[in-house]
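Reader: I would love a close look at one part of this model. Could you walk me through it in a connected way?

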Amino acid sequence: MKEKNEEKLGKAPSSLIFISLASMYLDNGMVDEAIDLCKAGLEIEPHNEEAHLILAKAEIEKGNMEKAKERLIKLLEENPENSSAKILLEEIKQKLPEEKFKKEEEETREKEITVSETHSIMEIEKGEEEEFRIEKEKIKKFPEEVKKPPDMEIKKQPQKIEKSTIDKETEELKASFLKKIKKITQIKGVINCFFRLEDGSIVRTPQLIGNIEDLLPLLDSLLNSIKSAGSRLKVGKLDIIMLEIENGVFYIFEKENYDCFLFSHKADNFGLLKALLPKILE
Amino acid sequence: MIINNNVDDILDDILKINSVLTTTISSYEGLVIKKIGVEVIHRKKLTVEIAKIAKSIREHLPKQLKHGITLSVYFDKFDLLIVFFENFIISVLCDRDVNMGFLKIKMRKIIPLIKSSL
């Protein structure tokens with residue numbers, strides 16, 4: 001019995017990592033993998049709310065609305081303040097025909113109430129309109145100089161141009177990285193990819209990335225400790241880091257102006273990545 | 001930690017692989033438990049740095065993993081393979097032309113033997 005438990009513990013990922021991975025699996029359409037991972041994690045941490053949420057989402061994807069609903073209701077019984085669960089439950093209710101009917105009923109009831117209240121609301125709106133008209137007339141009475149100070153106008157214009165050119169440049173830069181992500185994710189086995197630029201901003205495709213905010217502390221501290229080890233041991237510049245855990249492989253490609261983070265299902269595509277990545281990242 | 005004499009033979013097997021320079025078993029505190037091979041980098045320094053890397057991994061990843069956590073780091077001059085276990089760390093320092101795939105397969109085979117010898 002003890003051995004069995006130990007085996008389970010050994011297989012069980014820590015909450016941080018299994019939630020992130022399950023979320024990634026779900027985001028990439030690997031629903032069964034997400035369900036398996038969440039269930040394994042919940043055996044060890046049965047009250048992990050994030051895991052229940054991901055599992056509910058996966059159940060929705062599978063079309064098991066009732067199961068998902070039950071899970072969310074249980075979750076809300078334990079923590080009635082879980083807003084994500086509330087939102088998800090509301091979504092399910094909208095999807096379920098029976099619940100939809102109930103909602104329609106509620107809406108009609110609400111309408112009946114609102115008709116009686118409409119008159120008073122209209123009165124308030126009328127009062128606000130009147131206030132607005134008076135304020136407008138007051139502004140009209142101000143001299144032109146007060147309304148538009150000429151100095152401010154001159155200063156504002158170049159700022160606007162500068163800001164728009166910077167925005168354009170960053171947009172172009174981000175677009176080029178998005179192209180790279182598209183190419184990288186086409187490589188066999190790659191589940192996920194994102195870039196971290198020099199200023200710390202993350203470039204990612206919304207349809208591919210799950211909870212990278214949870215993974216970044218791990219990848220970041222790993223990158224920093226390896227970099228400092230490299231400089232202390234004088235083993236040259238860091239090129240690639242490859243971290244293999246039971247549920248997948250993380251690759252970090254260290255470049256001068258950015259870091260490229262990759263997540264793969266298995267490590268068997270390393271040779272391919274090593275050959276293709278330098279060309280893509282050029 | 002008590003070490004069985006078989007560990008020497010097991011580590012010797014790794015050292016026979018082309019381009020493998022040194023193999024070390026160390027603790028999470030940075031202590032060298034068993035060392036074998038050419039000392040290209042000061043071994044004590046290396047195990048201390050590995051312990052630092054292990055600390056950052058332990059903060060974020062589970063302590064108990066059946067197959068351990070494998071970290072391969074590719075530097076300009078050397079390649080470094082580190083396998084983290086519950087109580088100890090195995091690190092292998094290699095030249096850049098090492099066949100990392102073959103080394104990992106070999107490591108997977110010998111790890112249960114090392115576990116039973118410690």
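How many bridges join strand S3 of chain B to strand S4 of chain B, and do they run parallel or antiparallel?

Author: Happy to, keeping in mind that this is a predicted model. Strand S3 (residues 69–75) and strand S4 (residues 78–84) of chain B run antiparallel and are joined by six bridges. Within this pair, Tyr74(B) stands opposite Asp79(B) of S4(B).

Now let us step out to the sheet that holds the two strands. S3(B) and S4(B) belong to an open sheet of ten strands with antiparallel pairing, in the order S2(A)-S1(A)-S5(A)-S4(A)-S3(A)-S3(B)-S4(B)-S5(B)-S1(B)-S2(B). Its edge strands, each pairing on one side only, are S2 (202–203) of chain A and S2 (32–37) of chain B. As a general reminder, strands of a sheet pair through backbone hydrogen bonds.

S3 of chain B also has a helix from the other chain lying across it: helix H10 (residues 212–233) of chain A. That helix lies across S1 (190–197), S2, S3 (238–245), S4 (248–254) and S5 (258–264) of chain A as well, and runs at about 130 degrees to S3(A).

Chain B has a helix pair worth a look too. Helix H1 (residues 6–15) and helix H3 (residues 100–117) of chain B pack at an angle of about 170 degrees, their axes 10 Å apart. Angles over 145 degrees count as roughly antiparallel, so H1(B) and H3(B) are roughly antiparallel to each other. Their crossing is left-handed. Among the residues making the contact are Val7(B) and Ile10(B) of H1(B), and Ile110(B) and Leu113(B) of H3(B).

Methods: Residues are numbered from 1 along each chain as its sequence is written. Chains are lettered from A and ligands numbered from 1 in the order in which they are written. This is a predicted model: local features need pLDDT of at least 70, side-chain atom pairs count only at pLDDT 80 or more; totals for chains, interfaces and linings use all residues. Two strands pair if DSSP finds at least two bridges between them. Helices (H or I, at least four residues) and strands (E, at least two) are DSSP runs, numbered from the N terminus. Two residues are in contact if their C-beta atoms, placed from the backbone, lie within 7 Å. Axes are lines fitted to C-alpha atoms, for helices over the stretch in contact, and angles run from 0 to 180 degrees between N-to-C directions. Angles under 35 degrees count as roughly parallel, over 145 as roughly antiparallel, 65 to 115 as roughly perpendicular and the rest as oblique. A crossing is left-handed if the near helix is turned anticlockwise from the far one by less than a right angle, and right-handed if clockwise.
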